[in-house]
Amino acid sequence: MQASDSSSGYLSDVTFPDRFHRELSPTWLNYASVLGGARAKALGRPFRYLDLGCGFAHSTIVNAAAFPHAQFHACDFNRAHIEAASQRAARLGVGNVVFHESSFEALLEHDLPEFDFIVLHGIYSWVDADVRQAVRRLISERLAEEGLVYLSYNCQPGWSAEAPLRKLMLEFAQSTSGSIETRTGNAIAGMQALGNPSFRYFRDNPSATEALSALAASPLDYLAHEYLNRTWEIHYSVDVLDDMAHTGLAYTGSATLADNHPTLLMDRQAAEAIAALPNARLRHLAEDFAVNRRFRRDVFVRGARASRSQAQALESLEGLAIGCTTEIERIDTRATIPRGVLSFQPEFIADLRALMQQGSMRIGEIVAKLSGESRNPREILQNLLFLVAGGVLTPFAHAGGYDATGVRRAANASAMAALVRSADETQGAYVPSELLGNAVAVGADEAKQALQWIAGDPATPCPSRLARLGVLCGT
Ligand SMILES: C[S@@+](CC[C@H](N)C(=O)[O-])C[C@H]1O[C@@H](n2cnc3c(N)ncnc32)[C@H](O)[C@@H]1O
């Protein structure tokens with residue numbers, strides 16, 4: 001396509017969609033890594049975070065607002081991305097992000113500090129081997145001891161039926177002229193003309209037919225970045241494990257939180273077959289086959305993890321805070337997990353709701369409060385972790401509740417700016433919360449209600465969810 005040599009075959013003539021990813025939050029990554037046995041990070045102290053290939057840096061800017069005492073760096077070689085990202089940071093009053101309009105290769109020459117977190121979302125499968133090597137050099141030279149890396153990528157075997165669609169799309173796009181969006185649209189139209197049972201590939205691979213319908217409904221800018229770069233490589237998880245091992249890093253968990261709990265993913269027969277395999281490497285790969293996985297959000301840690309005992313790992317886990325970001329009633333006796341639905345005792349859920357109404361709490365404290373004669377602390381811990389994996393509960397940066405002291409206000413200036421913009425544009429927003437250490441997804445009506453409450457409107461009740469999540473303070 002139109003990629004110049006300086007972009008190593010990555011598209012530079014179309015911007016990527018502006019997306020927020022909750023998994024990129026330091027809180028979330030800390031939780032995933034602690035589940036895998038890493039030492040918990042002290043998120044209340046200053047730390048440094050680098051986002052490689054940040055796009056519009058939506059997630060990184062919101063995270064910077066949620067951790068004002070930390071320093072964030074965001075790198076992308078697409079000028080339009082970095083300009084828009086700088087404008088967003090200024091609009092939200094976020095001053096703790098350093099933007100680098102630079103390739104990863106050139107970033108190696110910059111004067112950079114050591115980072116506690118390095119994240120790459122949507123990069124590794126879409127750049128060539130030289131760029132991946134530059135990424136690994138950055139990690140090797142710039143990641144602190146016990147630092148975490150988040151690396152997402154497309155993996156096999158989940159793409160085995162659909163991968164040929166990418167080749168078809170690339171060839172169609174190269175055979176027409178016009179802007180990248182036009183060519184992408186033409187490619188989809190061309191593929192649709194072939195996507196019928198007369199073509200045996202589609203007849204023999206029903207998932208490819210479904211994938212084609214999904215492609216036809218996707219935005220063109222997303223499709224161009226996803227499929228039309230010079231490189232599109234589907235990795236096997238164990239090969240990425242090797243790449244990271246050569247860089248001195250070990251796998252410590254998945255930011256797709258359910259993936260950390262095999263019992264939520266596969267039946268007993270699959271679990272037993274995997275347990276019987278002779279080594280951890282084979283078990284890691286076999287899990288991808290058990291769930292036909294196609295995308296991974298791996299978290300790696302530098303050094304140290306192996307030397308920790310089970311008791312130390314449990315202590316770290318119990319020290320983490322969790323809470324409920326939705327309405328409390330959404331904590332239900334049934335939770336959806338990848339393999340189906342989990343059921344919980346109604347009394348357990350009633351007690352948990354009452355606790356979560358107060359705000360976020362350390363896991364160890366919840367276990368202590370909910371333990372009784374009829375409840376086993378280990379089972380409670382497991383239930384809590386499963387509820388987090390099912391998205392009913394969420395990792396928080398800190399334990400805490402509504403700060404009811406002082407005047408009505410947003411918890412910080414960036415949260416206020418995000419609420420105002422959401423209400424003005426009648427559009428949902430990701431509003432930073434220091435308590436959550438992540439964004440709270442807020443609807444336009446909720447933002448409007450929050451602003452009316454802040455303005456002192458006596459008829460407007462305090463939006464209790466936003467208060468509980470540390471977006472609002474006041475009497
Ligand atoms: C698929 S987008 C992902 C953007 C963002 N991480 C997200 O998930 O929303 C990949 C981004 O990486 C950037 N990129 C690709 N290769 C790069 C390189 N060699 N150096 C710097 N940025 C690069 C692209 O410009 C693009 O913004």
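Helices here are DSSP runs of H or I at least four residues long, numbered from the N terminus. With that in hand, welcome to a set of close-up views of a predicted model.

**View 1. The largest pocket and the helix that gives the most to its lining.** Helix 17 supplies 6 residues to the lining of the largest pocket, the top contribution from any element. The volume of this pocket is about 1,200 Å³. Its lining is made up of 39 residues, and Leu35, Gly36, Gly37, Asn260 and His261 are the ones nearest the centre. Two or more lining residues come from each of helix 1 (26–35), strand 6 (249–254), helix 13 (280–291), strand 7 (295–302), helix 14 (310–318) and helix 17 (377–389). If you are thinking about chemistry, the lining of the largest pocket splits into 15 nonpolar, 11 polar and 13 charged residues. Domain 1 (5–157 + 234–307) and domain 3 (319–396) both contribute to the lining, so the largest pocket lies between them.

**View 2. The second largest pocket, set between domain 1 and domain 2.** Here the space amounts to about 730 Å³. The lining of the second largest pocket counts 42 residues, with Phe16, Gly53, His121, Gly122 and Ile123 closest to the centre. Elements giving two or more residues to this lining are strand 1 (48–52), helix 2 (58–66), helix 4 (104–107), strand 4 (115–120), helix 10 (220–227) and strand 7. By class, the residues lining the second largest pocket are 18 nonpolar, 17 polar and 7 charged. Because domain 1 (5–157 + 234–307) and domain 2 (163–227) both give residues to the lining, the second largest pocket lies between these two domains.

**View 3. An open sheet of 3 strands.** The strand order is 11-8-12, and the pairing is antiparallel. Strand 11 (361–362) and strand 12 (394–396) are the edges, each pairing on one side only. Strand 8 (residues 321–323) is joined to strand 12 by 3 bridges. For a residue to look for in this view, try Gly323, which stands opposite Thr394 of strand 12. As a reminder, the strands of a sheet pair through backbone hydrogen bonds.

**View 4. Where domain 3 meets domain 4.** The domain assignment of the chain lists domain 1 (5–157 + 234–307), domain 2 (163–227), domain 3 (319–396) and domain 4 (409–473). Between the C-alpha centres of domain 3 and domain 4 there are 25 Å. In this view, 12 residues of domain 3 contact 5 residues of domain 4. Together the two domains bury about 690 Å², with 54% of that area on carbon and sulfur atoms. On the domain 3 side, Thr325, Glu327 and Phe396 provide 58% of the area buried against domain 4, more than any other three residues.

**View 5. Two backbone details in loops, at Pro157 and Ala57.** The peptide bond from Gln156 to Pro157 is cis, and its omega is near 15 degrees. Pro157 sits in the loop between strand 5 (143–154) and helix 6 (163–174). Ala57 belongs to the loop between strand 1 and helix 2. The phi of Ala57 is near 60 degrees, a positive value in a residue other than glycine.

Definitions and conventions
Residues are numbered from 1 along each chain as its sequence is written. This is a predicted model: local features need pLDDT of at least 70, side-chain atom pairs count only at pLDDT 80 or more; totals for chains, interfaces and linings use all residues. Side-chain values use heavy atoms; hydrogens and water are left out. Two strands pair if DSSP finds at least two bridges between them. On a 1 Å grid over the protein atoms alone, a cavity is a set of points where a 1.4 Å probe fits but cannot get out, and a pocket is an open set with protein on both sides within 12 Å along at least five of seven lines; lining residues have an atom within 4 Å of a point. Grid points are joined across faces, edges and corners, and a volume is the space filled by probe spheres set on the points. Ala, Val, Leu, Ile, Met, Phe, Trp, Tyr, Cys and Pro count as nonpolar, Asp, Glu, Lys and Arg as charged, and the others, Gly among them, as polar. Domain bounds come from an automatic or database domain assignment. Contact means heavy atoms within 4.5 Å. Buried area is the accessible area (1.4 Å probe) that two parts lose on being put together, summed over both.
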